[in-house]
Protein chains: 4
Amino acid sequence: MNDGPGRLPQFRDLPHEEGGARSAWGLFGPDDGIGLMNLITPEKTRDAARLVRRGAMFPLDVQLGFVDPPFFDRGLPRHTLIERRPGRTFDDAYDNLFPQASSQWDSLAHVAARPEQFYNGATRAQIRAGERNTIDHWARRGIATRGILLDVSERVSERGGPGESVAVTAADLDEARDRAGVEFEPGDVMLVRTGFLSWYGDQSRESRVRMSRRESTAAPGLERSESMAEYLWNAHVVGVASDTVGLEVWPGEEDPGPFGSLHRILIGLYGLAIGELWQLDELARDCRADGRYDVFLTSAPWNFPGAIGSPPNALALK
Amino acid sequence: MNDGPGRLPQFRDLPHEEGGARSAWGLFGPDDGIGLMNLITPEKTRDAARLVRRGAMFPLDVQLGFVDPPFFDRGLPRHTLIERRPGRTFDDAYDNLFPQASSQWDSLAHVAARPEQFYNGATRAQIRAGERNTIDHWARRGIATRGILLDVSERVSERGGPGESVAVTAADLDEARDRAGVEFEPGDVMLVRTGFLSWYGDQSRESRVRMSRRESTAAPGLERSESMAEYLWNAHVVGVASDTVGLEVWPGEEDPGPFGSLHRILIGLYGLAIGELWQLDELARDCRADGRYDVFLTSAPWNFPGAIGSPPNALALK
Amino acid sequence: MNDGPGRLPQFRDLPHEEGGARSAWGLFGPDDGIGLMNLITPEKTRDAARLVRRGAMFPLDVQLGFVDPPFFDRGLPRHTLIERRPGRTFDDAYDNLFPQASSQWDSLAHVAARPEQFYNGATRAQIRAGERNTIDHWARRGIATRGILLDVSERVSERGGPGESVAVTAADLDEARDRAGVEFEPGDVMLVRTGFLSWYGDQSRESRVRMSRRESTAAPGLERSESMAEYLWNAHVVGVASDTVGLEVWPGEEDPGPFGSLHRILIGLYGLAIGELWQLDELARDCRADGRYDVFLTSAPWNFPGAIGSPPNALALK
Amino acid sequence: MNDGPGRLPQFRDLPHEEGGARSAWGLFGPDDGIGLMNLITPEKTRDAARLVRRGAMFPLDVQLGFVDPPFFDRGLPRHTLIERRPGRTFDDAYDNLFPQASSQWDSLAHVAARPEQFYNGATRAQIRAGERNTIDHWARRGIATRGILLDVSERVSERGGPGESVAVTAADLDEARDRAGVEFEPGDVMLVRTGFLSWYGDQSRESRVRMSRRESTAAPGLERSESMAEYLWNAHVVGVASDTVGLEVWPGEEDPGPFGSLHRILIGLYGLAIGELWQLDELARDCRADGRYDVFLTSAPWNFPGAIGSPPNALALK
């Protein structure tokens with residue numbers, strides 16, 4: 001590992017990735033499969049815990065099955081109530097549970113940097129074997145750090161609203177950060193509220209069916225640009241989670257270009273955790289009310305060997 | 001609600017339940033489906049967060065699928081890796097996922113107090129409809145409070161070891177508490193380490209198959225007695241979680257008697273959360289090392305409407 | 001029961017159903033849940049078996065998973081290979097198996113005649129309890145009878161092709177029957193080949209995704225008209241199976257009218273089995289080659305109590 | 001292929017398999033993955049169909065979920081009723097469906113002849129890829145041939161009954177064949193009724209739980225001996241299906257020896273289909289009544305690429 005989170009290189013100092021963007025491979029050693037989560041040191045966790053000032057608690061996982069139908073051909077969970085002794089004991093079981101269909105973390109095994117090459121050089125076979133990058137590597141550590149809420153929902157509303165393909169720029173994020181009165185510190189998680197999920201909850205079944213289809217999905221999200229890639233890296237955050245469908249603005253460009261897919265850059269080149277469909281509304285209300293946008297964020301992903309995604313099982317504490 | 005956690009009645013002041021034991025029904029109002037979790041107030045959460053002194057972090061969920069075969073006819077999860085774009089994008093899906101087969105919280109819908117009557121009078125139909133007691137009622141609040149580790153594994157070893165039906169008494173718990181140098185405060189979670197799960201990990205497949213069968217399951221756990229029921233109530237804890245199979249000593253008496261089933265009393269009459277098969281080994285090692293047995297415990301159960309159990313998705317922070 | 005299949009009433013003699021069409025309720029007694037399958041008597045089966053002249057055999061179930069993505073929001077099966085002893089013993093398991101997603105029989109529990117009333121007066125509660133109309137009632141009898149192939153694919157091609165919403169008329173069916181040189185006899189199964197499934201197999205992924213969506217599904221099928229309802233009843237067939245999506249032409253009329261849904265009439269009022277997405281291509285080739293369009297059809301639906309649909313598990317023998 | 005089923009070698013003419021028994025590899029060519037099913041020629045099917053004399057029909061699949069709990073750690077199906085339009089349209093879906101948990105065919109991919117080598121030299125990788133031996137290779141042909149019922153239940157009763165580990169000998173089978181008044185002809189399926197499944201249906205839950213466990217499973221079945229291997233080969237049957245748990249007597253010898261596992265020989269060396277847990281009771285009653293033990297047997301296994309087992313979806317017709 002490098003000699004301290006304060007010494008992380010700036011975007012412009014990262015080596016160029018062939019085909020564009022820049023790569024952070026090797027920053028935590030050649031075998032690393034944890035990525036920027038390495039920045040969550042005990043000191044970071046300890047300091048973040050001090051943000052719990054009132055004891056207010058905000059679960060950030062949306063109800064399982066809330067996003068119905070799921071986007072991108074994922075499925076809805078089937079839940080079976082098992083009455084072991086009628087009227088006396090209930091158990092339950094789940095089938096058809098797709099982590100990517102609801103609030104989720106995407107691990108470093110989700111999207112490759114290049115064909116057959118995942119973050120830090122992990123191969124498809126290593127992913128399949130659960131040897132590197134899969135979410136259990138995070139789960140065995142746990143995630144407890146500082147979270148910063150950036151509420152850009154007003155900017156989204158001004159430009160068409162959460163049902164449209166609105167690109168949130170680096171300037172938008174920085175404006176929200178400034179308004180929140182916070183500075184990023186290495187190891188933070190950025191929580192970006194676009195307003196999508198609360199808007200989604202008000203849509204008709206018909207409209208939700210329509211937007212669930214890949215070719216008609218339109219949702220606000222991070223701009224696919226070099227300035228965004230630069231902003232996110234330089235913030236030295238370990239993860240970016242949002243209340244929208246795919247974190248980045250949807251749909252993407254036909255011509256992907258070097259910055260056409262933030263997933264490829266953030267997951268594949270940076271080793272950054274991506275969170276999608278998180279429920280940030282109540283937290284945002286509270287932040288507006290008390291003017292504090294930094295929280296203690298805890299998250300315990302599922303510990304299943306070789307798994308790709310997981311509900312964040314996240315709490316924001318203030 | 002009552003006028004403060006400090007004013008909770010003592011066991012001897014609770015009304016008698018027909019057929020033995022005592023009942024806490026109504027303590028938080030006639031419609032309550034949360035139970036003792038009501039004791040986790042913002043102040044409680046805030047104070048507990050102050051226990052994070054070093055930033056050490058201990059995920060308490062054992063690896064999904066570690067308990068193999070599962071106890072009591074539950075199933076093993078089947079995980080499907082979905083390669084959306086070969087060599088470039090992985091998703092995943094789960095089937096046959098039984099919350100009760102691994103580390104879990106049992107909600108107040110798991111075991112009834114009396115036939116057809118669950119905690120606080122919830123009916124079977126209300127459980128089936130997810131209207132009361134199901135785990136989503138906890139999930140929407142989140143759980144963040146003080147946890148107290150009581151390590152009774154030495155007492156268990158002296159009396160036959162973690163593969164035997166060793167009853168842990170109230171005196172054992174209190175001795176561990178005393179050794180830990182802590183006092184219970186209303187709203188705590190009690191974490192009882194018997195040594196079962198680490199012992200289990202060393203057993204042969206053959207032995208694990210044998211013990212998974214209901215009639216040959218033998219495991220240490222809480223004594224089924226009035227003194228235990230009294231001790232747990234008077235501690236005013238919101239949950240008791242353990243590293244053993246069914247929290248209480250297994251098997252139970254043939255003649256259940258009023259205290260033959262702690263599940264019935266703790267879940268059905270008290271409204272107390274029961275945790276089973278939690279991984280407490282690393283935490284215990286750390287507590288022995290630094291002499292501090294109180295932790296900040298965060299847990300975000302799944303938010304699925306009408307569900308019975310959930311992985312705790314728990315972190316212990318020190 | 002009536003006193004013989006030869007004595008079945010004609011369409012014009014059936015009582016009027018409120019709101020249009022005609023009803024065969026009660027024809028086989030007030031408690032019947034088998035419907036027209038009652039016409040398959042031992043004599044019928046025996047005579048049909050004599051159609052096996054060459055020993056040619058045609059499985060009529062398309063490969064599970066061939067229809068991908070499935071129509072109408074059904075799911076694709078997930079198949080798990082279980083290697084019990086590595087390199088020596090394989091087992092397997094299926095999840096997410098939707099009978100209606102592939103070749104299928106729809107039982108008399110699939111579609112109601114009127115809200116809350118299924119064929120012959122079965123209630124929603126009786127369906128839910130598996131007491132009447134569900135597919136196990138057919139499975140316990142088995143299905144072995146004469147099948148008649150009617151190949152209308154040329155007519156469909158002339159009118160736009162199998163990718164279009166082409167209505168196959170009663171006259172088309174009768175023309176095909178005439179060309180085949182057969183007469184219907186009570187208890188036959190009608191096999192209607194539109195050419196859809198072979199056309200489907202040639203479509204691009206993109207095109208299949210598009211057509212899988214309810215609002216853009218267009219497929220040939222039986223005309224929704226009184227003449228069709230009359231033709232099918234008067235043929236006294238026990239089932240009508242086709243290689244198209246929903247048997248009847250898709251989409252339907254906006255104004256349903258009395259004949260707007262053949263499913264309601266055939267299943268709900270007649271007690272007739274509907275088959276969809278059957279693979280009829282090889283059989284059709286053979287019929288064209290030898291000029292014989294009548295076959296011995298055997299089908300063993302799944303025997304699961306209270307189930308709605310099933311793969312036909314059908315063989316056509318000549 | 002060889003030049004006719006009449007010319008199949010006798011057991012004593014088959015080459016010795018290393019380690020004992022004899023092998024039929026190569027008999028149908030080096031790439032064959034169908035095995036003895038090759039003996040079902042059109043002529044065979046045609047002649048067998050003539051056995052349908054009365055039109056009596058006997059479905060041979062036991063109700064899905066009847067064997068509860070399943071043997072050998074397989075699972076019970078979970079069936080979800082999907083009410084698409086309340087009170088009007090039902091669909092359904094299955095999870096946790098294990099073909100080997102109920103009436104089944106085992107394909108030539110189920111058990112290897114030698115480590116890593118399945119029937120006719122198919123490799124583990126070829127099985128995993130569904131290239132050879134998997135059940136879809138039979139499904140695409142269909143199965144329709146002569147079935148011979150051999151009822152040995154009286155012999156089983158005399159020697160301890162269907163709840164005991166009673167070995168059915170070649171002499172028992174031949175006695176039943178003689179009593180039935182039939183001779184085997186190449187391409188037949190042998191249906192061996194031990195009485196197990198009807199006895200099983202009368203057992204208590206407790207008893208069924210006990211016997212489901214591998215180490216306490218005891219069931220009648222074919223003797224594991226050279227004379228049995230010789231008898232089954234020389235009968236030139238394509239499959240042997242029985243109403244008992246594992247076809248062969250259970251448990252097996254500790255010392256497997258060359259004939260210790262019939263599965264290895266029948267599936268791995270002969271390419272013979274094994275059927276287990278078939279429901280033969282009603283058929284047997286009918287055979288006793290009319291004195292005819294030969295039937296027309298039709299079976300349409302699931303057509304899922306690369307699958308191992310399948311319900312037989314079988315009908316016996318007389």
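Is C:Asp151 buried or exposed? I began my notebook with this residue, keeping in mind that the model is a predicted one. I found that C:Asp151 is buried, with a relative accessible area of 10%, and this follows because buried means under 20% relative accessible area.

**Entry 1: a salt bridge around C:Asp151**

I then looked for the partner of C:Asp151 and noted a salt bridge with C:Arg288, in which the closest N and O atoms are 3.3 Å apart. The two residues come from distant parts of the chain, since C:Arg288 belongs to helix 10 (residues 281-290) of chain C and C:Asp151 to strand 7 (residues 143-151) of chain C, with their positions 137 residues apart. C:Arg288 has a relative accessibility of 48% and therefore counts as partly exposed, whereas C:Asp151 is buried.

I reminded myself of the general idea that side chains of opposite charge can pair when their charged atoms come close.

**Entry 2: further salt bridges**

I searched the whole structure and recorded 128 salt bridges over all chains. I picked out a few of them to look at one by one.

In chain C, I saw the side chains of C:Asp91 and C:Arg84 meet in a salt bridge, with 3.3 Å from N to O. C:Asp91 is buried at a relative accessible area of 1%, while C:Arg84 is partly exposed at 28% relative accessibility.

In chain D, I looked up D:Lys318 and D:Asp290, whose side chains meet in a salt bridge of 2.8 Å, N to O. This pair also links distant parts of its chain, as D:Lys318 lies in the segment after strand 15 (314-317) of chain D and D:Asp290 in helix 10 (residues 281-290) of chain D, 28 residues apart. Here I noted that the lysine, D:Lys318, is buried with a relative accessible area of 4%, and that D:Asp290 is partly exposed with 30%.

In chain A, I found a network of salt bridges that links A:Lys44, A:Arg146, A:Glu185, A:Asp188 and A:Asp294.

**Entry 3: how chains B and C are related**

What rotation superposes chain B on chain C? I wrote down a rotation of 180 degrees with 0.1 Å of shift along its axis, and the RMSD of the superposition is 0.0 Å. The two copies are therefore related as by a two-fold rotation axis. Within chain B, the C-alpha nearest the axis belongs to B:Asp95, at 3.5 Å from it. I also noted that the same surface serves both copies, because 100% of the contact residues of chain B recur in chain C.

**Entry 4: the contact between chains B and C**

I listed the residues that take part in the contact, and there are four from chain B and four from chain C. The area buried between chain B and chain C is about 400 Å², and carbon and sulfur atoms give 46% of it. On the side of chain B, I saw that B:Arg78, B:Thr80 and B:Asp95 supply 88% of the area that this chain buries against chain C, which is more than any other three residues supply.

How many salt bridges cross the interface of chain B and chain C? I counted two, and one of the salt bridges I looked up joins C:Asp95 to B:Arg78, with the closest N and O atoms 2.7 Å apart. Between chain B and chain C there are also two residue pairs in polar contact. Strand 2 (78-85) and strand 3 (89-95) of chain B each supply at least two residues of the side of chain B that touches chain C. Sorted by class, that side of chain B has one nonpolar, one polar and two charged residues.

**Entry 5: two buried loop residues**

I looked up D:Thr134, which lies in the loop between helix 2 (124-128) and helix 3 (136-139) of chain D. D:Thr134 is buried, with a relative accessible area of 0%. Setting aside residues up to four places away in sequence, D:Thr134 touches D:Ser107, D:Ala109, D:Ile127, D:Gly306 and D:Ala307.

I then turned to B:Val182, found in the loop between helix 5 (170-180) and strand 9 (189-193) of chain B. B:Val182 counts as buried at 7% relative accessibility. Leaving out neighbours within four places in sequence, I noted contacts of B:Val182 with B:Arg146, B:Ile148, B:Arg177 and B:Asp294. The C-alpha atoms of B:Val182 and B:Asp294 are separated by 7.5 Å, although the two residues are 112 residues apart along the chain.

Definitions and conventions:
Residues are numbered from 1 along each chain as its sequence is written. Chains are lettered from A and ligands numbered from 1 in the order in which they are written. This is a predicted model: local features need pLDDT of at least 70, side-chain atom pairs count only at pLDDT 80 or more; totals for chains, interfaces and linings use all residues. Side-chain values use heavy atoms; hydrogens and water are left out. A salt bridge is a side-chain nitrogen of Lys or Arg within 4 Å of a carboxyl oxygen of Asp or Glu. Buried means under 20% relative accessible area, exposed over 50%, partly exposed in between (1.4 Å probe, protein chains only). Helices (H or I, at least four residues) and strands (E, at least two) are DSSP runs, numbered from the N terminus. Copies are superposed by least squares on the C-alpha atoms of residues with pLDDT of at least 70 in both. Contact means heavy atoms within 4.5 Å. Buried area is the accessible area (1.4 Å probe) that two parts lose on being put together, summed over both. A polar contact is a pair of N or O atoms within 3.5 Å; within protein, one must be able to donate a hydrogen and the other to accept it, and residues adjacent in sequence count only if both atoms are side-chain atoms. Ala, Val, Leu, Ile, Met, Phe, Trp, Tyr, Cys and Pro count as nonpolar, Asp, Glu, Lys and Arg as charged, and the others, Gly among them, as polar.
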